[in-house]
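Let's take a walk through this structure together, one part at a time. Keep the sequence and the 3D view open as you read.

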Amino acid sequence: MALRHAVLAALLDEELSGYQVTKAFAAGVANFWHALPQQVYAELARLEKEGLVAGREVVQEARPNKRLFRVTGEGLAELESFASAAAKPTFLREDLLVQVQAADHLDADVVIERLTERYAFAEAKAALFEEQLRRMRGGLDEAEFLLRGPRVGPYLTCRRGRDFERANRDWCRDVVEVLRARREVPAGS
């Protein structure tokens, strides 16, 4: 996936400024795509030049003017073309996995500390996703929202982020348990 498709997807519901697209990334797309604000602004400029988004200037009093962007028909066609192509599998690249891979030759306490930090991060991030899912559902339970909610795509990607972080949390917990148990057993026993 190119950044262009993530930006186009962020603009599907409403006209947004570059700042708002960046915030939308942080709130709803960050679980599967990371981009720096300057990358988002550069991509918006490219998309506008290619006719995939249309921008308009909004004059504001007592504040700098802003530019709002919306997806054009050509942009929607680009997303449809992207969606019709087979998705490429992603590869997991995480420093923590290298540390665990080398755990037999490292200080177990240091590796356990890194795992404990990642556990706490995953727990907090999963909780944030869960709260975001509750807000998206409004007063509906999940089954009802999945059938009748206004847009299910953002909900499903947010749910994937939550599940991913829960899996990370559980894996960290399991690895810590293994490393602690191995400390209790003398080598070669």
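R169 is a buried residue, with a relative accessible area of 18%. That falls under the 20% cut-off for calling a residue buried. R169 has a charged partner, too: D170 forms a salt bridge with R169, and the closest N and O atoms are 2.9 Å apart. D170 is partly exposed, at a relative accessible area of 24%. Before going on, bear in mind that this is a predicted model, so treat each value as something computed from that prediction.

How many salt bridges does the structure hold? There are 26 of them. Some share partners, and in that way E130, E131, R134, R135, R162, D163 and R166 are joined into one network. Let's pick out two members of that network. The side chains of R134 and E131 meet in a salt bridge, at 3.1 Å from N to O. Both residues sit in helix α6, and because they are three residues apart there, about one helical turn separates them. Neither end is hidden away entirely: R134 is partly exposed, with a relative accessible area of 41%, and E131 is partly exposed as well, with 31%.

Now for a salt bridge that reaches across the sequence. The side chains of R182 and D104 meet at 3.8 Å, N to O. R182 belongs to helix α8, while D104 is in the loop between α5 (95-101) and α6, so this pair ties together parts that are 78 residues apart in sequence. Are these two buried or exposed? R182 is exposed, with a relative accessible area of 54%, and D104 counts as exposed too, at 59% relative accessibility.

Since helix α6 keeps coming up, let's follow it from end to end. Helix α6 covers residues 108-137, which makes 30 residues. From its first C-alpha to its last it reaches 43 Å, close to the 44 Å expected at 1.5 Å a residue. At the start of α6, a side-chain oxygen of D107 comes to within 2.9 Å of the backbone nitrogen of D109. At the other end, α6 is followed by G138, which has a positive phi, near 65°. Along the way, a number of α6 residues are buried, among them A108, L115, A122, A126 and F129. The buried residues of α6 also include charged ones, such as R118, E130 and R137.

A126 is a good place to step across to another helix. G161 and A126 are 35 residues apart in sequence, yet in space their C-alpha atoms are 7.4 Å apart. G161 lies in helix α8, which runs over residues 153-184. G161 is buried, with a relative accessible area of 2%.

Stay with α8 a little longer and look for aromatic rings. The structure holds one aromatic pair. It is made by F145 and Y155, whose ring centres are 4.8 Å apart and whose planes stand at 45°, so the pair is tilted. The pair links distant parts of the chain: F145 is in helix α7 (residues 142-148) and Y155 is in helix α8, with their positions 10 residues apart in sequence. Both rings belong to buried residues: F145 has a relative accessible area of 2%, and Y155 counts as buried at 0% relative accessibility.

Finally, let's leave the helices for the strands. Which order do the three strands follow in their open sheet? The order is β1-β3-β2, and the pairing is antiparallel. β1 (16-17) and β2 (53-58) stand at the edges; each has a single partner strand, so one side of each is left without a neighbour in the sheet. β1 pairs with strand β3 (residues 66-71) in the antiparallel sense, over two bridges. To find this pairing in the 3D view, look for L16, which stands opposite F69 in β3.

Just past that strand is our last stop, T72, found in the loop between β3 and α4 (73-84). T72 is buried, with a relative accessible area of 12%. Leaving aside residues up to four places away in sequence, T72 touches G51, L52, V53 and A54.

How values were computed
Residues numbered from 1 in each chain as written. Predicted model: local features only at pLDDT ≥ 70, side-chain atom pairs only at ≥ 80, totals over all residues. Heavy atoms only, no water. Helix = DSSP H or I, 4+ residues; strand = E, 2+ residues; numbered from the N terminus. Buried < 20%, exposed > 50% of the residue type's maximum accessible area, 1.4 Å probe, protein only. Pairing = 2+ DSSP bridges. Expected span 1.5 Å × (residues − 1). Polar contact = N/O pair within 3.5 Å; in protein donor to acceptor, adjacent residues only side chain to side chain. Contact = heavy atoms within 4.5 Å. Phe/Tyr/Trp six-rings, centres within 6.5 Å; stacked < 30°, edge-to-face > 60°. Salt bridge = Lys/Arg side-chain N within 4 Å of Asp/Glu carboxyl O.
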